[in-house]
Amino acid sequence: LKVWKENQEKAKERDHRRIAQKQELIMFHELSPGSAFWLPHGARIYNKLIAFIRSHYWKRGYDEIITPNIYNLNLWHQSGHALHYKDAMFSFDVEGQEWAMKPMNCPGHCLMFGNSIRSWRDLPLRLADFGVLHRNELSGALTGLTRVRRFQQDDAHIYCTEEQIESEVLGALDFMKEVYSIFGMGFKLELSTRPKKALGDIALWEKAEAALANAMNEFAGEGGWSVNPGDGAFYGPKIDIKVTDAMDRVHQCATVQLDFQLPIRFNLEYNTGSKEKGKEFARPVMVHRAMLGSVERMFAVLCEHFGGKWPLWLSPRQVMLIPVHAQWNDYCSEVRQKLHDEGFYADVDLSKSTFQKKVRNAQIAQYNYQFVVGEAEVKNGSVNIRTRENKVDGEMKVDEMIAMLKNLRDTYAK
């Protein structure tokens, strides 16, 4: 009970809405409820998260694509979303026909897959899309960044053969593990199996569930995951990934889902290379996967997980240079420019505040480092390093300091 109470208090202090306002990261406005305005420092974090995932795409063989934001509603009738999801879509008239803003990317990706003749040699095909999505959430349900109307996902769809399901799922789980270990968050896996209202061939469902189970056994070991019977989507089984933050709260952000139905609805197929009559073409299996989920929601989760103390690689305020006297302002500005040229967010406090006040202000603003500069540092071509926890690391040459920061940034150091 004591731990629970402490975590409740911590959660209040770490509320992302409070931190985001204090650190000037985002704002909202009544003229566009449910859509965040990303202020410069907030956009830095948002873009870093996307760049972080993008760097993994490069290593893991994904192709990034860009798709339209608005579609004729016929697309959503074909995908089946119009039947179940139309009330949550922003729809409007275009020249007498009903159109809508996309609430998800998958149907557009199916159009792209079906646009050309595909071969078994093309598979697995991993298509990633950071496209802007809109969902018409009720105004009363809108809460900070956890429930919004405009958002982006680190969304990707993998088209593969039935035989490739296990290896692709294993790859997605490995991706997820790498991401959340860098965030310092634990996770649990659940396999959600065929629901009563499932569509498609039972034998295919069983084969897919066995492939997911095999991948999870290899990834987490037998007994390292649990089954959630009958809780799969109507279109395929899925792996629910529950991550825990610094306050032991559980969030569902990442997901891996199999989909047999969209390839059928869009008549997707690939050339198998077989000469046997009736087996020349086969349907691909579609894997929906996201690591962060909604970037907005993940921003809120991480903001509270870190308590606004962003690690260096993600921080929108990395270094504050503090001259102890105005005569060292120019030197500080030169060092700041060197840091800027290396891709760091660095500022110089040129105010007339006292030295102690400048240090305190930088620490309250959550600058990861304060570099203090006096006569000795100017003579030696160095800076005197303090952390935001007020630990004094001492003097270091500018080039050595930049090398240190680059190493911390590039290794995602906490």
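In this predicted model, the largest pocket holds about 1,100 Å³ of space. Its lining is made up of 43 residues. Of these, Y85, M104, R135, Q153 and Q257 lie nearest the centre of the pocket. Several elements give two or more residues to this lining. Among them are four helices: helix 4 (73-79), helix 5 (81-85), helix 9 (261-265) and helix 10 (295-306). Strands contribute as well, namely strand 10 (150-160), strand 13 (238-244), strand 14 (250-259) and strand 17 (285-294). By class, the lining of the largest pocket has 17 nonpolar, 16 polar and 10 charged residues.

The second largest pocket holds about 360 Å³. It is lined by 15 residues. Nearest its centre lie I19, K22, Q23, G307 and Q366. Helix 2 (residues 16-22) gives the most to this lining, with three residues. Seven residues of the lining are charged, four are polar and four are nonpolar.

Attention now turns to the sheets. Strands of a sheet pair through backbone hydrogen bonds, and the pairing is either parallel or antiparallel. One open sheet has five strands, in the order 19-18-20-21-22, and its pairing is mixed. Strand 19 (346-348) and strand 22 (392-397) each have a single partner strand, so one side of each is left without a neighbour in the sheet. On average, neighbouring strands of this sheet are turned by 25 degrees against each other, direction ignored. Strand 18 (residues 319-323) and strand 19 run parallel and are joined by three bridges. Within this pair, M320 of strand 18 stands opposite D347 in strand 19.

Two helices are placed against the five-stranded sheet. Helix 12 (residues 355-364) lies across strand 18, strand 20 (369-373) and strand 21 (382-387). Helix 12 runs at about 175 degrees to strand 18. Helix 14 (residues 398-410) also packs on the sheet, where it touches strand 18, strand 20, strand 21 and strand 22. The direction of helix 14 makes about 120 degrees with that of strand 22.

Another open sheet has three strands, in the order 7-15-16. Its pairing is mixed too. Strand 7 (118-119) and strand 16 (281-282) are the edge strands, and each pairs on one side only. Strand 15 (residues 270-271) and strand 16 run antiparallel, with two bridges between them. N271 has F281 in strand 16 as its bridge partner.

Note on methods. Residues are numbered from 1 along each chain as its sequence is written. This is a predicted model: local features need pLDDT of at least 70, side-chain atom pairs count only at pLDDT 80 or more; totals for chains, interfaces and linings use all residues. Side-chain values use heavy atoms; hydrogens and water are left out. Two strands pair if DSSP finds at least two bridges between them. Axes are lines fitted to C-alpha atoms, for helices over the stretch in contact, and angles run from 0 to 180 degrees between N-to-C directions. Contact means heavy atoms within 4.5 Å. On a 1 Å grid over the protein atoms alone, a cavity is a set of points where a 1.4 Å probe fits but cannot get out, and a pocket is an open set with protein on both sides within 12 Å along at least five of seven lines; lining residues have an atom within 4 Å of a point. Grid points are joined across faces, edges and corners, and a volume is the space filled by probe spheres set on the points. Ala, Val, Leu, Ile, Met, Phe, Trp, Tyr, Cys and Pro count as nonpolar, Asp, Glu, Lys and Arg as charged, and the others, Gly among them, as polar.
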